Amino acid sequence: MTTDPNAQLEAIRESVARHIANGLVSTIHIRAKAARDLATELDANGANVDYLVEQHLINDGYSRAEATTARAAAEPDPWAPKPSITEYIPAPVRRVLADRLAHMLLSPAGSVLQVQARELTFALKAEGFDLSDPIKQHITDLTLGPDPADVPF
């Protein structure tokens with residue numbers, strides 16, 4: 001490991017260029033977009049690494065045209081549903097929200113609480129945070145009680 005600042009800077013530039021090159025040929029939209037955004041930001045601030053990125057692409061067997069094709073393939077389908085973020089939300093938060101929304105949905109028909117719960121549930125689902133199944137299960141548990149076939153331990 002060197003303590004020379006110029007060598008350290010060059011190592012950082014190489015690492016950043018490698019990650020940008022890998023991102024540009026990725027078919028995962030968010031990764032390809034992040035690579036393009038990072039390269040654009042570096043260019044705008046006078047830290048151009050395009051030459052290094054192109055060298056990494058060539059070394060990996062890609063041409064600039066292939067990287068562009070891969071980027072085009074990484075564009076999201078505008079009709080595709082948003083990716084689910086439910087698994088990234090902590091379980092206690094999911095549990096509390098499902099509980100509160102289930103109680104709100106069980107309020108008298110046409111009540112403000114019921115309307116707000118429905119709107120909130122669908123708004124969260126539109127953003128990729130789907131609580132439909134936990135809410136259904138909680139409503140079932142509240143109205144019918146827990147399933148007697150479930151083992152209590």
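In which helix do D37 and K33 both lie, and how many residues apart are they? Both lie in helix 2, which covers residues 29-44, and they are four residues apart. The legends below describe close-up views of a predicted model.

**Figure 1. D37 and K33 form a salt bridge within helix 2.** The N to O distance between the two side chains is 2.8 Å. The spacing of four residues is about one turn of the helix. D37 has a relative accessible area of 40% and is partly exposed. K33, at 37% relative accessibility, is also counted as partly exposed.

**Figure 2. A salt bridge joins D60 to R18.** The closest N and O atoms of this pair are 2.7 Å apart. The two residues belong to distant parts of the chain, with their positions 42 residues apart in numbering. R18 is in helix 1 (residues 5-24), whereas D60 is in the loop between helix 3 (50-59) and helix 4 (64-73). D60 counts as partly exposed, with 36% relative accessibility. R18 is partly exposed too, with a value of 26%.

**Figure 3. D99 and R100 meet through their side chains in a salt bridge.** Here the N to O distance is 2.3 Å. Is D99 buried or exposed? D99 counts as buried because its relative accessibility is 17%, and the cut-off for buried is under 20%.

**Figure 4. The whole structure contains three salt bridges.** One of them is the pair D37 and K33. Another links D60 with R18. D99 and R100 also form such a pair.

Notes. Residues are numbered from 1 along each chain as its sequence is written. This is a predicted model: local features need pLDDT of at least 70, side-chain atom pairs count only at pLDDT 80 or more; totals for chains, interfaces and linings use all residues. Side-chain values use heavy atoms; hydrogens and water are left out. A salt bridge is a side-chain nitrogen of Lys or Arg within 4 Å of a carboxyl oxygen of Asp or Glu. Buried means under 20% relative accessible area, exposed over 50%, partly exposed in between (1.4 Å probe, protein chains only).
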